[in-house]
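Please work through the exercises below with the sequence and the structure at hand. Each task is followed by a solution that goes step by step.

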Amino acid sequence: MKRTNSQGFLVRYQYPQRLSKWRESFASQFKLIQPAHDPLEPFMTVTDDVLTVRDARHGLRFAYLLPLVIGLWILSCAFIGDLGPNSASVSYGRDKLAEYQAKDTKDFYFDDYHNRRYSYYRMMFDDDGSYSFLSYSKAIFTYGRESQKKSLISDVVIASVILSLTLFFTVFFIKSPKPAHIYFDRKRGLVYTWFFGRLAACRFENLGFLERKTGLLLYFYCENKKRKGGYDVVPVTVQPTGKVHLNSERDNDYFFAQLFNFMDNGKSAVITGESFHRPESKTYFFIDKRPEPFEERLEKLLEHEHVLPDLYANLKVVN
């Protein structure tokens, strides 16, 4: 039996489902998975009462954001390096300035054209003959042609835009905190996580899911001050095999089976040791801290999350 419930003709869509309703299906269709020393990613920790899972944002950081930042820096260096004349033109300009200066010492007469060119080169180079982009810009805007002025403005605008994007995404890459894991609390029968100060949680029996080619979506009841009632349904993406694209139901089978194994039978059904802790990534400069007061906010959220299964019927998600 397929878990996807795609509908629609031209635009295919589906609705989230409660994961718990597939418990019996997993028990009957799949062989019991033997416990192992390493339960494989995205499982990060396994203890007596809690199993944690890494969400897809960890992978997206290196699959998309890091290459984007590197690419933007390469573009920025290329565009900034191309601003102004190349080295050959600078060398030619320095020679022309020396030629004009030699003629000037001999009281050589300059017509309007050569007088303008002489003034252009004198402004382009400092008294010691050194070149700078600032002096070149002054020379262009004072003595250059209109086409040169427009070209310089265009180059500066493009380089500025690319540099601004580069700095923005670089700062975002550095300041983006390490995402919190998804916690499966067997003792209390809860699933919870948080992001940017907002708590998202639900009872395991009400946890929703939806399978897409970009990954597995798990649905939580989440704090949202902008919504009526202060809560909203929020999906968190997990990629059980680490693939960013072309995920299938089969890619999620092991993940689902291990979740049910842990929640129904405990850590001994998942790992062979006393506990398991996968080393954390060291590439983050900050972490997404747990919102406080945590237990008080969690208790308040759980008073309302019983409506979560009813909300799934109104969540149309395009495939």
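The exercises go from the whole chain to the annotated spans and then to two single residues, and the model they rest on is a predicted one.

**Exercise 1.** Determine whether the protein chain is spread out or compact by the globule rule.

*Solution.* Begin with the secondary structure, which for the protein chain comes to nine helices and 12 strands. Next, set the radius of gyration of 31 Å against the 20 Å that the globule rule gives for 319 residues; the value is well over the rule, so the protein chain is more spread out than a compact globule. Then turn to the principal axes, along which the C-alpha trace spans about 100 × 45 × 40 Å. Finally, consider the contacts with a separation of 6 or more, of which 68% are between residues 24 or more positions apart, and add that buried residues make up 42% of the 319 residues.

**Exercise 2.** Find which residues UniProt lists as "transmembrane region", and describe their secondary structure in the model.

*Solution.* The unreviewed UniProt entry lists residues 62-81 and 152-174 under this name. In the model, residues 62-81 are 100% helix and 0% strand, with their end C-alpha atoms 27 Å apart. Residues 152-174 are likewise 100% helix and 0% strand, and here the end C-alpha atoms lie 32 Å apart.

**Exercise 3.** Place Leu 163 in its element, and decide whether Leu 163 is buried, partly exposed or exposed.

*Solution.* Leu 163 belongs to helix 6, which covers residues 146-175. Its relative accessibility is 28%, and because buried means under 20% and exposed over 50%, Leu 163 counts as partly exposed. Once neighbours within four places in sequence are left aside, Leu 163 is in contact with Ser 76 and Ile 80. As for distance, Ser 28 is 135 residues away from Leu 163 along the chain, and their C-alpha atoms are separated by 57 Å.

**Exercise 4.** Locate Ile 271, decide whether Ile 271 is buried or exposed, and identify what Ile 271 touches.

*Solution.* Ile 271 sits in the loop that runs between helix 7 (249-265) and strand 11 (276-277). With a relative accessibility of 3%, Ile 271 counts as buried, since the limit is under 20%. Not counting residues up to four places away in sequence, Ile 271 touches Pro 35, Ala 36, His 37, Pro 39, Val 46 and Phe 276. Gly 71, by contrast, is 200 residues from Ile 271 in sequence, and the two C-alpha atoms are 41 Å apart in space.

Conventions. Residues numbered from 1 in each chain as written. Predicted model: local features only at pLDDT ≥ 70, side-chain atom pairs only at ≥ 80, totals over all residues. Heavy atoms only, no water. Helix = DSSP H or I, 4+ residues; strand = E, 2+ residues; numbered from the N terminus. Rg over C-alpha atoms; globule rule 2.2 N^0.38 Å. Buried < 20%, exposed > 50% of the residue type's maximum accessible area, 1.4 Å probe, protein only. Contact = heavy atoms within 4.5 Å. UniProt positions renumbered as here; feature names shortened; annotations may be inferred.
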